[in-house]
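Here is a short tour of one protein chain, written for someone who likes to check each statement against the coordinates. Keep the viewer open and follow along.

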Amino acid sequence: MTRFIGSVFAVPFVIGVVGSTAWADQTLQDLLAVQLRAQGYACDKPLKAERDDKLSKPDNEAWTLTCSNATYRVSRVPDLAAKVEKVEEGKEQGK
């Protein structure tokens, strides 16, 4: 009986480990783009994501996400929607 109980607890762990390998293939810019799209912003192809150390704070990360069609400043707070600001072309980023 104890072998059965042990295997019941091991199955969810194995499924969790196997399922998490899919996340390893995604990059940070892909994950930020998914969040932007979920909030209604257009990001056709994410090209790069750079952390903005000046705007970042504990539990509030700030990123500049460059997509093929636009550039965004993204502030992420755990368990909340991201604050998104579109960066206009020709303006200096990070200021």
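Let us begin at lysine 86, which, leaving aside its neighbours within four places in sequence, is in contact with Ala70, Thr71 and Tyr72. This residue is found in strand 4. The C-alpha atoms of lysine 86 and tyrosine 72 are 4.4 Å apart, although 14 residues separate the two along the chain. Before going further, please bear in mind that this is a predicted model.

**The strand pair around lysine 86**

Strand 3 and strand 4 run antiparallel and are joined by five bridges. Within this pairing, threonine 71 stands opposite valine 87 of strand 4. The two strands form a hairpin with six residues between them, and aspartate 79 sits in the turn with a positive phi of about 65 degrees.

**The chain as a whole**

Stepping back, the protein chain holds two helices and four strands. Read from the N terminus, the order of elements is α-α-β-β-β-β. The chain has 95 residues, of which 23% count as buried. About 7,100 Å² of the chain is exposed, and carbon and sulfur atoms supply 57% of that area. Taking contacts between residues at least 6 apart in sequence, 25% join residues at least 24 apart.

**The nonpolar core and helix 2**

In soluble globular proteins, nonpolar side chains tend to be buried together. Here, the largest nonpolar core has 13 residues, and those that touch the most other members are Leu32, Leu36, Leu65, Tyr72 and Val74. At least two residues of this core come from each of helix 2 (28-38), strand 2 (61-67) and strand 3 (71-76).

Which residues of helix 2 are buried? They are Leu32, Ala33 and Leu36. These residues lie on the same side of helix 2, because they cover an arc of only 100 degrees around the axis. The general geometry is familiar: an α-helix has 3.6 residues a turn, so residues three or four places apart point the same way. The cover over the buried residues of helix 2 includes strand 1 (46-51), strand 2, strand 3 and strand 4 (83-87).

Leucine 36 gives a good view of this packing. Not counting residues up to four places away in sequence, leucine 36 touches Tyr41, Leu65, Tyr72, Val74 and Val84. Just beyond, helix 2 is followed by glycine 40, which has a positive phi near 95 degrees.

**An aromatic pair**

How many aromatic pairs does a search of the whole structure find? It finds one. The partners are tyrosine 41 and tyrosine 72, arranged edge-to-face, with 5.8 Å centre to centre and 70 degrees between the planes. This pair links distant parts of the chain, since tyrosine 41 is in the loop between helix 2 and strand 1 while tyrosine 72 is in strand 3, 31 residues apart. Tyrosine 72 counts as buried because its relative accessibility is 4%, whereas tyrosine 41, at 32%, counts as partly exposed.

**Threonine 66 in strand 2**

Threonine 66 has its place in strand 2. Is threonine 66 buried or exposed? Its relative accessible area is 15%, so threonine 66 is buried, the cut-off being under 20%. Apart from neighbours within four places in sequence, the contacts of threonine 66 are Lys45, Pro46, Leu47, Lys48 and Thr71.

**Accessibility, side by side**

The table collects relative accessible areas for residues met in this report, together with one more aspartate.

| Residue | Relative accessible area | Class |
|---|---|---|
| Tyrosine 72 | 4% | buried |
| Threonine 66 | 15% | buried |
| Tyrosine 41 | 32% | partly exposed |
| Lysine 86 | 48% | partly exposed |
| Aspartate 59 | 63% | exposed |
| Aspartate 79 | 83% | exposed |

**Two aspartates with positive phi**

The last two rows deserve a look at the backbone. Aspartate 59 lies in the loop between strand 1 and strand 2. Its phi is near 60 degrees, a positive value in a residue other than glycine. Aspartate 79, which is not a glycine either, has a positive phi of about 65 degrees and lies in the loop between strand 3 and strand 4.

Terms used: Residues are numbered from 1 along each chain as its sequence is written. This is a predicted model: local features need pLDDT of at least 70, side-chain atom pairs count only at pLDDT 80 or more; totals for chains, interfaces and linings use all residues. Side-chain values use heavy atoms; hydrogens and water are left out. Buried means under 20% relative accessible area, exposed over 50%, partly exposed in between (1.4 Å probe, protein chains only). Contact means heavy atoms within 4.5 Å. Accessible areas come from the Shrake-Rupley method with a 1.4 Å probe; for residues, only the protein chains shown count as cover. A nonpolar core is a set of buried Ala, Val, Leu, Ile, Met, Phe, Trp, Tyr and Cys residues joined through side-chain atoms within 4.5 Å. The arc is that of the directions from the helix axis to the C-beta atoms. Rings of Phe, Tyr and Trp (its six-membered ring) pair if their centres lie within 6.5 Å; planes under 30 degrees apart count as stacked, over 60 as edge-to-face and the rest as tilted. Two strands pair if DSSP finds at least two bridges between them.
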